[in-house]
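Grab your viewer and work through these exercises one at a time. Try each task yourself before reading on to its solution.

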Amino acid sequence: MFDITKLRVLVAVADHGSMTLAAAALSYTQPAVSRHIALLERQAGLPLVRRTGAGVELTPAGELLARHARAVLDRLAVAAGQLAALRPDDPGPIMLGSFSSANVSLVPEVFRRYRGAGPTREMPVPPVMPPVMLPVTVPEQHVDDVRSGRLHLALVTQWDVDGRDLDGLELGFLVEDELLVALPRGHRLAGPGLTLADLGGESWIEGSHPDCLGPLARLFRESAGYEPAVRFHCDDWTGKQGLVAAGAGITLVPSLARRDVRADIVLTRLHDVDLRRRLHLVTAESAEQVPGLAALTRLFAEVAAEHVPG
């Protein structure tokens with residue numbers, strides 16, 4: 001019988017392509033991850049990973065076992081959620097999927113209000129508010145994670161749900177979020193009247209989904225016939241701002257996070273194109289009875305309306 005912990009380690013290695021990154025995601029040490037994989041290989045009787053120049057990749061046997069491991073972990077997550085719903089006196093944690101720009105101030109403010117929430121006629125809550133956990137997630141997989149039960153609630157953009165089968169899911173619109181151009185203070189373009197054509201010669205800093213350039217590449221292709229010149233990739237919210245402030249390039253910042261931008265960065269609106277993303281909350285239809293979920297959803301709508309200018 002395969003050990004669940006080792007299967008979870010294998011899936012993390014598959015997701016991250018690196019023993020070190022998998023260890024960070026699981027809060028393990030890198031040697032501990034290596035030991036788990038070695039023991040799992042011994043149990044399977046086949047090599048499951050191989051080292052590459054950039055990290056590690058799964059062997060065919062590893063890919064096969066990882067597929068089964070995901071299915072097992074998904075079913076266990078569903079079971080845990082359903083069991084928690086049967087324990088109103090001791091509810092399990094609400095699992096929330098989010099992303100970097102939402103974690104800057106939106107999610108912390110929701111958590112602050114949630115901790116102090118009490119029952120009202122408009123927002124009934126259980127006698128003991130269950131804790132909310134913010135696990136390491138892949139935003140592109142939030143819809144699938146909610147469907148499988150690994151998450152109870154997730155923040156998504158229209159880029160994640162347009163054209164998707166949402167059968168069995170509830171999609172709640174939160175807010176329309178404008179994407180602003182972030183430039184170092186003193187930049188020649190840091191003023192009103194900025195257009196897409198003005199940005200043609202600039203270097204760009206790309207981030208991870210959905211805090212990325214989004215529709216900008218398509219707009220550049222349609223209006224100027226070329227792609228934005230991406231010079232840096234940085235998933236870290238603070239790191240992206242540091243690169244902009246240092247003059248290494250420019251990037252997009254959602255209005256959702258504008259109040260927490262560094263003082264040495266200027267945010268400017270593009271006047272000739274409309275750069276926006278729609279934010280939604282997605283839950284499973286079967287999650288209606290999860291204690292505290294209705295209160296949390298209500299707070300997200302309340303705080304999002306305050307954080308994004310109308």
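**Exercise 1. A leucine and its neighbours**

Which residues does Leu155 touch, not counting residues up to four places away in sequence? Keep in mind that you're looking at a predicted model.

*Solution.* Start by placing the residue: Leu155 sits in strand β5, which covers residues 153–157. Next, check its cover. The relative accessible area of Leu155 is 2%, and the cut-off for buried is under 20%, so Leu155 counts as buried. Now list the contacts. On the lower-numbered side, Leu155 touches Gly97, Ser98, Phe99, Ala102, Leu106, Val107 and His142. On the higher-numbered side, the partners of Leu155 are Leu174, His280, Leu281 and Phe300. For a distance check, try Leu171: it is 16 residues from Leu155 along the chain, and their C-alpha atoms are 9.9 Å apart.

**Exercise 2. The whole chain**

What radius of gyration would a compact globule with 310 residues have, and what does the chain have?

*Solution.* First the expectation: a compact globule with 310 residues would come out near 19 Å. Then the model: the chain has 22 Å, which agrees. For the outline, take the principal axes; the C-alpha atoms fill a box of roughly 65 × 60 × 35 Å. Inside that box, the chain has eleven helices and eleven strands.

Now look at burial and contacts. Of the 310 residues, 46% count as buried. Among contacts with a separation of 6 or more, 72% come from residues 24 or more positions apart. Finally the surface: about 15500 Å² is accessible, and carbon and sulfur atoms own 53% of that.

**Exercise 3. Counting charges**

How many positive and negative side chains does the chain have, and how far apart are the centres of the two sets?

*Solution.* Count each sign separately: there are 31 positive and 37 negative side chains. Then compare the centres of the two sets, which lie 4 Å apart. Side chains of opposite charge can pair when their charged atoms come close. To turn that into a count, use a cut-off of 4 Å between a side-chain nitrogen of Lys or Arg and a carboxyl oxygen of Asp or Glu. The tally is 19 salt bridges.

**Exercise 4. Three salt bridges**

Take the pairs Asp144 with Arg164, Asp145 with Arg150, and Asp177 with Arg277. Work out the distance and the burial for each one.

*Solution.*

Step 1. Asp144 and Arg164 meet at 2.8 Å, N to O. The pair links distant parts of the chain: Asp144 belongs to helix α7 (residues 142–148), while Arg164 is in the loop between α8 (158–161) and β6 (169–184), 20 residues away. Asp144 is partly exposed at 41% relative accessibility, and Arg164 is also partly exposed, at 31%.

Step 2. For Asp145 and Arg150, the closest N and O atoms are 3.5 Å apart. Here Asp145 is buried at 7%, whereas Arg150 is partly exposed at 33%.

Step 3. Asp177 and Arg277 have their closest N and O atoms 3.1 Å apart. Asp177 is in strand β6 and Arg277 in strand β11 (residues 276–284), so this salt bridge ties together parts 100 residues apart in sequence. Both ends are buried: Asp177 has a relative accessible area of 0%, and Arg277 has 0% too.

Step 4. Want something beyond pairs? Glu109, Arg112, Arg113, Glu302 and Glu306 are joined into one network by salt bridges that share partners.

**Exercise 5. A cis bond and a buried strand residue**

Which peptide bond is cis, with omega near -5°?

*Solution.* Go to the bond from His209 to Pro210; that's the one. Pro210 lies in the loop between β7 (203–206) and α9 (216–224). From there, hop to Leu183, which is 27 residues from Pro210 in sequence and 20 Å away, C-alpha to C-alpha. Leu183 is in strand β6 and is buried at 0% relative accessibility. Leaving out residues up to four places away in sequence, Leu183 touches Leu189, Ala190, Val244, Ile250, Asp264, Ile265, Val266 and Thr268.

**Exercise 6. A long reach**

How far apart are the C-alpha atoms of Arg298 and Leu65?

*Solution.* Find Arg298 in helix α11 (residues 293–307). Arg298 is partly exposed, at 41% relative accessible area. Leu65 is 233 residues away along the chain, and the C-alpha separation is 40 Å.

Methods: Residues are numbered from 1 along each chain as its sequence is written. This is a predicted model: local features need pLDDT of at least 70, side-chain atom pairs count only at pLDDT 80 or more; totals for chains, interfaces and linings use all residues. Side-chain values use heavy atoms; hydrogens and water are left out. Helices (H or I, at least four residues) and strands (E, at least two) are DSSP runs, numbered from the N terminus. The radius of gyration is taken over C-alpha atoms; the globule rule is 2.2 Å times the number of residues to the power 0.38. Buried means under 20% relative accessible area, exposed over 50%, partly exposed in between (1.4 Å probe, protein chains only). Contact means heavy atoms within 4.5 Å. Accessible areas come from the Shrake-Rupley method with a 1.4 Å probe; for residues, only the protein chains shown count as cover. Lys and Arg count as positive and Asp and Glu as negative; His and the chain ends are not counted. The place of a charge is taken as NZ of Lys, CZ of Arg, CG of Asp or CD of Glu.
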